[in-house]
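Okay, thanks for coming, everyone. I'll put the structure up now and walk you through it strand by strand and core by core.

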Amino acid sequence: MAKALLKVGSQGPSVKEAQKLLGVGADGIFGPKTEAATKAFQKKHGLTEDGIIGPATWKALDPTPAVAPPDPLLSGPALVLPISPSRKPYLTVGSPYGPRTSPITGKESFHSGIDIGAAQGTPLIAIGSGLVGKVQELHAVNGNAVFLDVDGYRVCYLHLYEIHVSEGDAVVVGQTIGLVGTTGQSTGPHLHLTVYDPSGNRIDPATLYPAEWLRNRQGEPLLG
Ligand SMILES: [Zn+2]
């Protein structure tokens with residue numbers, strides 16, 4: 001399997017793997033230190049010093065094409081969060097997946113995804129590479145919405161301020177697909193993220209991520 005292309009803003013197990021090979025702190029988040037280490041490594045090996053870990057840099061980093069054991073966290077599409085970690089102060093889940101009292105109707109309802117609070121205009125990024133399956137403009141409930149198809153999963157981003165992709169577009173992981181907003185049935189700027197698995201069953205999007213990546217309103221880990 002081809003290694004993921006990694007650059008500033010990338011997250012996840014493959015970043016951790018690269019960080020171990022580079023000998024920098026393996027926190028799974030590609031920041032300035034990892035970029036500097038990548039450039040130094042590229043210089044040493046006569047590679048283009050762009051700070052991006054692509055096929056050539058991966059090959060130099062890890063010449064043995066080891067078959068990695070399946071990582072349960074990678075059994076879904078989510079390799080990166082829908083909002084960049086540089087926006088970390090906002091990466092708190094306002095309303096988790098599951099039964100709740102609707103903030104709109106005041107009635108008991110099932111919350112079909114997770115809400116991630118963020119300022120209006122915050123870039124929303126593709127959590128995996130795939131295709132734009134559907135786009136909705138100012139839908140009564142969803143507002144501006146983008147539906148991505150990633151590895152058989154359907155990933156739904158709702159309440160956007162702006163949509164930056166069109167139906168049928170190919171998107172790469174980390175690409176900006178729109179901006180956080182509060183269109184449709186929404187009480188304030190946030191991303192509502194719904195995910196369907198390849199069987200068409202709705203799943204809790206929080207389970208696609210390591211527990212430490214998502215926190216509830218009190219700052220407590222959501223999982224574990
Ligand atoms: Zn929601």
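So, strand 7, residues 143-150: buried or exposed, for the most part? Mostly covered: 6 of its 8 residues are buried. Keep in mind that this is a predicted model, not an experimental one.

Now look at what sits on either side in the pairing. Strand 6, residues 130-139, runs antiparallel to strand 7, and 6 bridges link the pair. If you want a spot to click on, Gln-136 has Ala-145 of strand 7 as its bridge partner. The two strands make a hairpin, with 3 residues between them.

Then strand 7 does it again with strand 8, residues 153-163: antiparallel, joined by 6 bridges. Here Val-150 is bridged to Tyr-153 in strand 8. This one is a hairpin too, with 2 residues between the strands, and Asp-151 in that turn has a positive phi of about 50 degrees.

Okay, on to the core. The largest nonpolar core has 34 residues, and the ones touching the most other members are Leu-124, Tyr-157, Leu-160 and Leu-191. Who contributes two or more residues to it? That would be strand 4 (114-117), strand 5 (123-125), strand 7, strand 8, strand 10 (176-180) and strand 11 (190-196). Strand 8 gives the largest share, with 7 residues. As background, nonpolar side chains in soluble globular proteins tend to be buried together.

Let's zoom in on Leu-160. Not counting neighbours within four places in sequence, its contacts include Leu-124, plus Gly-143, Asn-144, Ala-145 and Val-146. Also among them are Gly-178, Leu-179 and Val-180.

There's also a second, separate core of 8 residues, and Leu-6, Ile-29, Ile-53 and Trp-58 are among its members.

One for the chemists: Glu-17, in helix 1, residues 13-22. Why does Glu-17 count as buried? Because it has 21 C-beta neighbours inside 10 Å, and the cut-off for buried is 20 or more. Its C-alpha is 9.7 Å from that of Asp-62, which is 45 residues away along the chain.

Last thing, how far to trust all this. The chain averages a pLDDT of 85, and 82% of the residues score at least 70. The stretch to be careful with is residues 68-74, where pLDDT is below 50 and the model shows 4 contacts beyond near neighbours in sequence. Where pLDDT is low, don't read the predicted coordinates in detail.

Note on methods
Residues are numbered from 1 along each chain as its sequence is written. This is a predicted model: local features need pLDDT of at least 70, side-chain atom pairs count only at pLDDT 80 or more; totals for chains, interfaces and linings use all residues. pLDDT is the predictor's confidence in each residue, from 0 to 100. Two residues are in contact if their C-beta atoms, placed from the backbone, lie within 7 Å. A residue is buried if 20 or more other C-beta atoms lie within 10 Å of its own, exposed if 12 or fewer, and partly exposed in between; C-beta atoms are placed from the backbone. Helices (H or I, at least four residues) and strands (E, at least two) are DSSP runs, numbered from the N terminus. Two strands pair if DSSP finds at least two bridges between them. A nonpolar core is a set of buried Ala, Val, Leu, Ile, Met, Phe, Trp, Tyr and Cys residues joined through C-beta atoms within 7 Å.
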